[in-house]
Structures are given as C-alpha cells and as structure tokens.
Number of protein chains: 2
Amino acid sequence: MARSPSGESVLTRVVRILDAFGPDTPVLTVSAISRRAALPVATTARLVREMIGHGLLARDGRRRVRIGTRMWELAERASPVLGLRQAALQYMGDLHAVVGHSTQLGVLDGDEVLFVERLTAPGAVVNITRIGGRLPLHASSGGLVLLAHAPAEVQERIVRVPLTVLTTQTIGDERALRTELAEIRRRGFAFCPGHIHPDATGIAVPVRQNGEVVAALGLVVPNDDTAWPLHRPLQLAGLALSRALCADPVTIDFREGQAD
Amino acid sequence: MARSPSGESVLTRVVRILDAFGPDTPVLTVSAISRRAALPVATTARLVREMIGHGLLARDGRRRVRIGTRMWELAERASPVLGLRQAALQYMGDLHAVVGHSTQLGVLDGDEVLFVERLTAPGAVVNITRIGGRLPLHASSGGLVLLAHAPAEVQERIVRVPLTVLTTQTIGDERALRTELAEIRRRGFAFCPGHIHPDATGIAVPVRQNGEVVAALGLVVPNDDTAWPLHRPLQLAGLALSRALCADPVTIDFREGQAD
C-alpha cells in the first residue's frame, strides 16, 4: 500500500477527509478539512481534488466542498442497510401515522447503535437521533434492546466499561445495566423515560429476522404519563416488520448474500 | 498521489473496487471483485483487506465481502441527499397511502436521473427503479422532468446524442424530445405510458426549492385508463413537498451549506 512520509496510507487519509464531514458540517473549505483531518493543507488540497474527480466529494458554488452524490451512490446501492430500511419504512410510516411522534430504526455497529432511518414531524418532542448518527448502547432505548440481544462477549465488554451518564436517569452502573437487560429480554421492550433528555422517553423493540435480532425499532415520545401505553403499538409494528423480514428474506441479509 | 506501476492512483483502484458492488451483487468474493474491477487478485486482496480495516467493506460469515456500514455512515450522514430524502419521505408516504402504487424521488446527476428514495408495496406494477439506481433522462418520467428544467447546455447535450429506446413508446428522436420537454414545462408534469415497460406508466412532477427544480417526484402505475387522473394527487404531493422545502431551507441545499 502506498504510504505518505508519515507512514500513513492514502486510504487512511481519504477516510480522515470523509470523516471531517458530518451532520453539522456538511460543507467545508479545504483549510477546514485540513484542520479537522489533521493533514497538511497541500496534501488535503491534492486529495480533495482527486476525490472530486471521482465524485466522492463535490465543490459548491462558493468553492467549498461537500460529500458527492457518487459517494452516496456507491455506499447505498449495495448497502446491507438498504434492504432493512426499505422493508422498515412502511411500518415506520404506519407507526408514525398512528402514534404521531418520531420513530427510528437502529442497528448494532461496533459498540454503538447506528441509526439508519428516522421519521419525524415538526413539533415532535426533542430527539437527538439522526440518520447516520450514533448513541452509546447503554444510554438509548434502541441501544439497550440491541445490547440485550447481542452476543455474550459484546454484553460483557459493554457492561464493564465506565458508562457515560447523560441525565440523572441514564443507567450508570453495571448492576443496574445487567438488571435492565434481563428485564428487556423478559418484557420484550425497553422503556427509558428521561435517559437521554429529561423531556423525552425512548421506547424500543427488537426487529427479528428468522429469530435473530437484526435491528431495534424505537419511538421518542414526551416524558409524561402518555408514554407507557405506546409500547403496544410499537410492539405491534416491530412484530409486523419482523414477519415481513422473515417472509421475504432477500430484503435483508447482514451475514451473507448473492455471490458473483 | 501514490500510483501503481500502471500509473493508476490508489483512490482510482478503491473506487473501482467499490463500483464492483451493486444491487444485484451486494456480496462478492475477492476473486469476483478482482474480475469486476479489472485489478490483479493480489492487489485486490491487499486493498480489500485495508478497506475492511477501515470499515468501508466488511466480510460475511463465508469470507465473502460486502459494503461496510461505515461506508454507508460516511456517505449518508453529511449527504446533500439526506435532507431532501428526509423532507420527502412524509409526502411520499402520504402519496403511497392515497394512490397505492410505487413512488420514487430522483435527482439530476450527470446525464442521468439518480433515484434517492422509493416506496413500494408487494404486488405493485413492474418498476425498474431502485434506490441508488439510475435511468437515462429521456427514457423515464422523472428524468424528463429534470431534463425539462435542466440548464440549457445539459438539454442541448442530451437531445443531440442518440437516444436509447426501451419500448416502442420511448422517445427516440430529438424533435419528439424537444416537443415533450416544452409540453412538460407547460403542463407541469411528465406522463409516460409504456416508455420503460409496456405494462407501466410513469408520471413525474418537479420538486422546487425557492423556484429552482431540485428533484422529480414520480409514480409508477399500471398502463391503462386509470393512470391519467393520478397526475393530480402527484401534483399535490409535489407542491406540498416544494412548500415544505421552501419553509425549511436548511433541510436541503445542493449548492452551499454551513462552513466550519
């Protein structure tokens, strides 16, 4: 692999440049990219130019740079996330119509929940999840559902690290987390009033394909006494989506797929 | 930029590897990637290994390779497509509920329409569009809408190249295409019975942000006499989405955005 004088590969630097962009920084100058990626300006400018040539980045009217449509296309069209999202969208739309609050879909990625879809409405209760955003497993209702059904080694690793606390309600110690995970497996859903924000309650259920939990479907609703009964429509939507995934297994497969 | 003995940059080879994956080939062996990317097996294996290390690719249980969740995350979270998709999904859901056929959203990318969202239902009429898929501008209803509102130089380039014909109804010559584009601008929508498949009618309307056409919203419905009246709910949905984009301009901006 070709390497810079610092021994870093071209690919590492390309990923650092892509990583400079995010939901709050969708458009950056070359010098801002260079700062955020911790790369020399000349190196950044040269790589950005080549990435623009491939459509991975694009220049806007004011010579600033954003992620290119081609990058999105390469990532999306063969993504394992695509089938899951496509299957889930109808059920998320139904849930959104019936419940009237934000709904999101998350998958386990590394030691975090990665949100792959979200439907929301203007005026919905505060909801910090975003498509392509992440949250710690122990802090969010979707993360807790995924953790409760994760392989034993993932569970053991997560419960032992110091748990970041976002509010007075966030689960902050190993014993409480183990108890909560057992309760989620028993009860079939996670119910998290104020765990991320005092005004919001997260509720989440597992989405299964052929018995295996492949995602968590969640609601973010107000933190008041209207929240609890909403676990029922959410459970129904989760079961309906799980049935659809089992009936049409080609729509999602994180483990194996079609060979050339 | 680091180059191989053939003079090709690392980035070019990485893009060729990503390009080997598609909707019909989401999972590939290293040797299949090497064939499809026209790269030596050893080079492919080395690059694939490094790309897996960065999460751009992932290995499945049978040592085959797919696009990684990290690739999706890097592309999606700062994508200019994201805001548009997010804004459009609610209106597409409403349209899908009212009309009961497939609906999709396309943007102009190069000389093609790139489909960035799609809602469909089991049993819907044949629809070859896919998320991340592309169609020629002159052949599809969404492409015609985008072409009708594209810059003059794009229109002049497209109408002069030989036009690929998919059915007896596809627009195949320059004069017919120019007439159709003028009619779409006058009438406000494209109506394409049998242009892509004899059994399907495509209908599409422009989606505007502050007067500028940023996308095409479309329906694919049966090619019979039920098709024509469906331009009205589609037009309503397109106007509603355009109003939402203008009211909340931060949700989409293909031209410029927030600097660091």
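This short presentation covers the arrangement of the chains, the domains, one helix pair and one sheet. Please keep in mind that the model is predicted.

I begin with the two chains. A turn of 180 degrees with a shift of 0.0 Å along the axis lays chain B on chain A, and the RMSD is 0.0 Å. That is the relation of a two-fold axis. Both copies use the same surface, since 100% of the contact residues of chain B recur in chain A.

Within chain A, domain 1 spans 10-75 and domain 2 spans 79-247. Their C-alpha centres are 32 Å apart.

I turn next to a helix pair. In chain A, the axes of helix α1 (residues 10-19) and helix α3 (residues 41-53) come within 11 Å and cross at roughly 85 degrees. Angles of 65 to 115 degrees count as roughly perpendicular, and α1(A) and α3(A) are therefore roughly perpendicular to each other. The contact includes A:Val14 and A:Ile17 of α1(A), together with A:Leu47 and A:Met51 of α3(A). Its residues comprise seven nonpolar, two polar and two charged.

The sheet of chain A comes next. Six strands form an open sheet in the order β6-β5-β4-β9-β8-β7, paired antiparallel. At its edges stand β6 (134-136) and β7 (190-193), each with a single partner strand, so one side of each has no neighbour in the sheet. On average, neighbouring strands are turned by 30 degrees against each other, direction ignored. Strands β8 (residues 200-209) and β9 (residues 212-222) of chain A run antiparallel and are joined by ten bridges. A:Thr201 has A:Val221 in β9(A) as its bridge partner.

Finally, the other chain meets this sheet: helix α4 (residues 69-76) of chain B lies across β4, β5 and β6 of chain A, at about 50 degrees to β5(A).

Methods. Residues numbered from 1 in each chain as written. Chains lettered and ligands numbered in written order. Predicted model: local features only at pLDDT ≥ 70, side-chain atom pairs only at ≥ 80, totals over all residues. Heavy atoms only, no water. Axes fitted to C-alpha atoms, helices over the stretch in contact; angles between N-to-C directions. Helix = DSSP H or I, 4+ residues; strand = E, 2+ residues; numbered from the N terminus. Parallel < 35°, antiparallel > 145°, perpendicular 65-115°, else oblique. Contact = heavy atoms within 4.5 Å. Nonpolar A, V, L, I, M, F, W, Y, C, P; charged D, E, K, R; others polar. Least-squares fit on C-alpha atoms with pLDDT ≥ 70 in both. Domains from an automatic or database assignment. Pairing = 2+ DSSP bridges.
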